[in-house]
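Colleague: I am new to this model and would like a close look at a single part of it, a loop residue and what surrounds it. Please then set that part in the wider picture of the chains, going from piece to piece with care.

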Amino acid sequence: MGRKLLLDKAHIENIRLYDVYRREGGYRSVEKALKTMSPDAVTEEVKKSGLRGRGGAGFPTGMKWSFLAKPEGVPRYLVVNADESEPGTFKDRYLMEFIPHLLIEGMITSSYALGSNRAYIYIRGEYAWIVDILEQAIQEAKNNGFLGKNILGSGFDCEIYVQRGAGAYICGEETALLESLEGKRGNPRIKPPFPAVKGLWDCPTVVNNVETIAAVVPIINEGGEEYAKIGIGKSTGTKLISACGNIKKQGVYEIDMTISVEEFIYSDEYCGGIANGRKLKACIPGGSSVPILPANLLLTTAKGEKRMMTYESLADGGFATGSMMGSGGFIVLDDTQCVVKHTYTLARFYRHESCGQCSPCREGTGWMEKILLNIENGKGKMSDIDLLWDIQRKIEGNTICPLGDAAAWPVAAAIRHFRDEFEWHITNADEAQRRNYGLMHYADPIHIPTTA
Amino acid sequence: MADEVKKEPPANFKVTIDNITIEVAPGTSILTAARQIGGDVTPPAMCFYSKLKGSGGKCRTCLVEVAAGSTADPRPMPKLVASCRTNVMDGMIVKNITSERVQDARAGVVEFLLLNHPLDCPICDQAGECHLQDLGYEHGKEGTRYEFKRRTFEKEDIGPYIQLHMTRCILCYRCTYVADQLTDNRVHGILERGDHAEISTYISKAIDNDFSGNMIDVCPVGALTDKTFRFKNRVWFTKPVDAHRDCENEKCCGKVTLWQRGDDVLRVTSRKDEWGEVQSYDGKPGWICNTCRFDKKKANDWVIEGPTSISRHSVISQGHYVGLQKPKETIAEVMGGREPKLLMDIHSISDVNSVEIASLPGPATSKTFEKSE
């Protein structure tokens with residue numbers, strides 16, 4: 001049984017309400033931080049914890065906080081990125097819906113560390129009902145003196161505002177989020193300058209994921225060093241994984257990063273194995289934009305080691321044989337799934353969500369979608385596969401924001417690992433319309449070269 | 001503390017672009033530095049416009065490789081960077097045409113830009129002065145690998161002077177910056193997103209502003225064209241001359257290029273520099289007002305300064321109008337001073353030559369020449 005730090009109380013009835021949350025030990029971290037610690041000490045504690053950003057990139061949070069420019073007389077802002085739009089990722093929704101005070105508490109503590117008197121929650125427009133939950137939680141916190149002027153007599157003021165997005169995946173990119181928050185079109189900004197120097201209204205800003213900010217609460221409560229003891233290596237603490245697809249038990253799981261991927265999929269504590277007695281074919285371990293892996297490479301790395309649910313192990317082997325932890329959207333595909341169709345679905349998503357600002361992403365995503373649709377419909381040509389490879393290569397790294405990469409990686413990984421399925425789709429076009437390629441060799445043990 | 005110890009920063013930064021070293025002021029972008037060197041070293045730019053704040057970074061044609069960040073930190077930058085929005089550092093080493101990665105990426109970008117662009121150059125008014133044509137000519141391939149229907153848009157009326165042809169647009173955003181920075185009542189911007197994003201106005205409102213015509217000048221392609229010039233002539237058949245007038249509008253610089261056919265003024269534009277941007281006078285961009293651009297279509301509205309110098313690489317220079325001498329009328333000389341006797345004065349019979357093409361609101365059709373009784 002893994003340690004739970006974020007969701008351990010989520011099942012308690014009415015934990016959504018302040019009184020219950022407070023009774024269960026809520027807002028202790030605010031009291032501890034504001035009464036006994038200096039802002040820098042809070043940042044130091046987060047640094048010690050080794051907490052890494054939970055939004056996808058996995059950048060160390062403490063380091064990000066210490067990069068924040070602190071010029072005199074200029075306000076600083078904390079912005080919480082709740083624009084969780086990655087297909088397959090729904091962990092923040094769970095957290096905000098069931099235990100909203102954890103986020104509010106984390107935001108107050110983090111704001112104190114950053115010296116931010118105004119914090120924003122930018123939430124995706126589709127989470128309309130959660131806005132009400134959050135605003136109620138903010139009101140309750142305010143009524144009980146945890147928000148507003150002079151919190152707990154410490155002289156620290158803090159206000160939290162919730163802003164709804166209007167339904168754009170791109171607004172989850174931090175600079176597009178800031179543009180949108182300022183009331184403009186959600187186009188990503190060109191970096192540098194980074195938000196830590198020039199963010200919201202040209203002021204220094206920290207943008208963090210919901211889960212990252214929530215994780216500050218146990219870090220302050222237990223101490224950074226205690227938090228860092230959980231997990232393996234640089235993957236410290238617990239991570240929320242939203243598991244979906246062809247597994248028996250879909251849902252949000254909190255894992256301490258010590259378990260293997262195999263255990264996560266097959267143990268009854270977590271996903272409970274593949275549904276309907278089918279076999280595991282492929283998996284996207286970190287949300288739709290990270291590379292897809294076939295079953296054999298998912299469970300063991302190219303070196304033959306067991307793949308663990310950690311940032312390092314999931315990325316082991318680079319993009320050639322590895323993937324990424326990403327935002328923790330764990331999508332499992334069984335042997336009835338078609339990788340071509342799946343890749344097409346993702347390409348369609350990225351085409352729809354590209355902001356259209358820079359040309360490789362705007363034009364390339366649409367082109368890839370059309371080619372993939374042709375292959376899926378049995379109208380593909382052999383040369384299309386290499387063409388797809390060339391298009392994704394020319395998008396990747398040449399765009400303003402990571403959406404270009406996010407659109408290119410799934411296509412690249414699908415071709416890299418499932419090229420024969422694509423070829424089968426083209427050579428057996430008629431048959432491909434009637435049945436799927438199936439599992440084939442994707443779960444076979446991989447050949448591991450022995451070194452002397 | 002480190003700041004106190006540090007000496008005065010060097011007045012100029014040394015930057016090496018394709019093995020050519022140049023000294024530029026701090027805060028200069030790589031592209032601007034490359035433009036100071038000039039020639040092949042300068043990356044092409046479709047969206048960057050030095051006179052429009054915030055422009056650039058979008059088209060990705062100006063991507064370059066930074067082989068060394070600076071003397072202090074000589075690490076190379078992992079990704080190609082947009083040279084228009086990346087400032088030089090002292091000791092920076094940039095590779096443009098000497099980098100295969102850049103050439104490869106740029107070819108990709110050109111292919112992307114041309115993917116949905118209608119190749120309707122034969123009927124496009126921008127042809128001959130189109131930056132996308134130049135870019136395709138220099139960096140593009142002969143064929144396309146795109147086998148699908150190109151994206152099209154419904155035509156939209158945005159007012160009496162400017163024709164929006166969204167299908168040709170490459171979404172450089174320059175015109176939106178003009179709307180933001182030059183005109184005081186912004187009604188136009190970008191709708192939708194991704195490959196279905198389009199330039200549009202607020203609920204099909206007409207763009208009505210004294211300086212809106214500058215959108216036509218900044219548009220790198222034929223998406224925004226001058227309605228008073230549409231289909232009247234190919235630009236390479238017209239003769240550009242520099243001219244000026246005292247404009248009542250104090251924000252207007254009054255310095256323009258007239259595009260003439262004979263003595264008719266077919267089109268008025270602002271003057272362009274060698275990068276295709278509006279020329280600056282005393283550090284101020286020479287934007288012109290709509291009165292100068294659309295209403296002053298008579299040669300005697302203007303003080304003509306002389307022929308515009310056009311790069312010899314441009315198709316417009318094929319007219320060889322500079323230094324051209326018209327043949328003299330020699331009949332009178334040959335005939336000892338006597339005028340020739342005309343059998344019939346065609347001008348008194350036909351109305352064709354009495355039609356002033358330049359003052360027509362649109363293209364001339366056969367109806368234009370019908371005799372009006």
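Modeller: A:S260 sits in the loop of chain A that lies between strand β8 (251–256) and helix α11 (261–266). The model is a predicted one, and every statement about this residue is computed from that prediction. A:S260 has 18 C-beta neighbours inside 10 Å and therefore counts as partly exposed, since a residue is called buried only if 20 or more other C-beta atoms lie within that distance of its own. When residues up to four places away in sequence are left out, A:S260 touches A:K306, A:R307, A:M308 and A:M309. For one of these, A:M308, the separation in sequence is 48 residues, while the distance from C-alpha to C-alpha is 3.8 Å.

Contacts between residues that are distant in sequence can also be followed across the chain. Of the contacts in chain A with a separation of 6 or more, 72% are between residues 24 or more positions apart. Chain A has 19 helices and 11 strands, and 56% of its 452 residues are buried. Taken along the principal axes, the box filled by the C-alpha atoms of chain A is roughly 75 × 45 × 45 Å. The radius of gyration of chain A is 22 Å, which agrees with the value near 22 Å that a compact globule of 452 residues would have.

A second residue can be set beside the loop residue. A:L114 belongs to helix α6 of chain A, and because 22 C-beta neighbours lie inside 10 Å of this residue, A:L114 counts as buried, whereas A:S260 counts as partly exposed with 18. Apart from neighbours within four places in sequence, A:L114 is in contact with A:W65, A:L68, A:R76, A:L78 and A:V206. The C-alpha atom of A:L114 is 9.9 Å from that of A:A69, a residue 45 positions away along the chain.

Helix α6 (residues 100–114) of chain A also packs with helix α3 (residues 39–49) of chain A, at an angle of about 115° and with the two axes 7 Å apart. That angle makes α3(A) roughly perpendicular to α6(A), and the crossing of the two helices is left-handed. On the side of α3(A) the contact is made by A:P39, A:V42 and A:T43, and on the side of α6(A) by A:T109, A:Y112 and A:A113. Sorted by class, this contact of α3(A) with α6(A) has four nonpolar and two polar residues, with no charged residues.

Another helix pair in chain A is formed by α2 (residues 28–36) and α9 (residues 210–222), whose axes come within 9 Å and cross at roughly 60°. That makes α2(A) oblique to α9(A), and this crossing, too, is left-handed. A:R28, A:S29, A:K32 and A:A33 of α2(A) make the contact with A:V217, A:I220 and A:N221 of α9(A). In the contact of α2(A) with α9(A), three residues are nonpolar, two are polar and two are charged.

Later in the sequence of chain A, helix α17 (residues 382–395) packs with helix α18 (residues 403–427) at an angle of about 165°, their axes being 9 Å apart. The two helices α17(A) and α18(A) are therefore roughly antiparallel to each other, and α17(A) passes α18(A) in a left-handed crossing. Among the residues that α17(A) brings to this contact are A:M382, A:L388 and A:W389, and those of α18(A) include A:G404, A:V411, A:R419 and A:F422. By class, the residues where α17(A) meets α18(A) divide into 12 nonpolar, two polar and two charged.

The picture ends with the second chain. Between the chains, the contact takes 24 residues from chain A and 26 residues from chain B. The largest share of the side of chain B that touches chain A comes from helix α3 (residues 100–115) of chain B, with six residues. That side of chain B is made up of 15 nonpolar, four polar and seven charged residues. Within chain B, helix α4 (residues 131–139) has B:H131, B:L132, B:Q133 and B:L135 as buried residues, and the buried residues of α4(B) pack against α3 of chain B.

Technical notes:
Residues numbered from 1 in each chain as written. Chains lettered and ligands numbered in written order. Predicted model: local features only at pLDDT ≥ 70, side-chain atom pairs only at ≥ 80, totals over all residues. Axes fitted to C-alpha atoms, helices over the stretch in contact; angles between N-to-C directions. Helix = DSSP H or I, 4+ residues; strand = E, 2+ residues; numbered from the N terminus. Parallel < 35°, antiparallel > 145°, perpendicular 65-115°, else oblique. Left-handed = near helix turned anticlockwise from the far one by under 90°. Contact = placed C-beta atoms within 7 Å. Nonpolar A, V, L, I, M, F, W, Y, C, P; charged D, E, K, R; others polar. Rg over C-alpha atoms; globule rule 2.2 N^0.38 Å. Buried ≥ 20, exposed ≤ 12 C-beta atoms within 10 Å, placed from the backbone.
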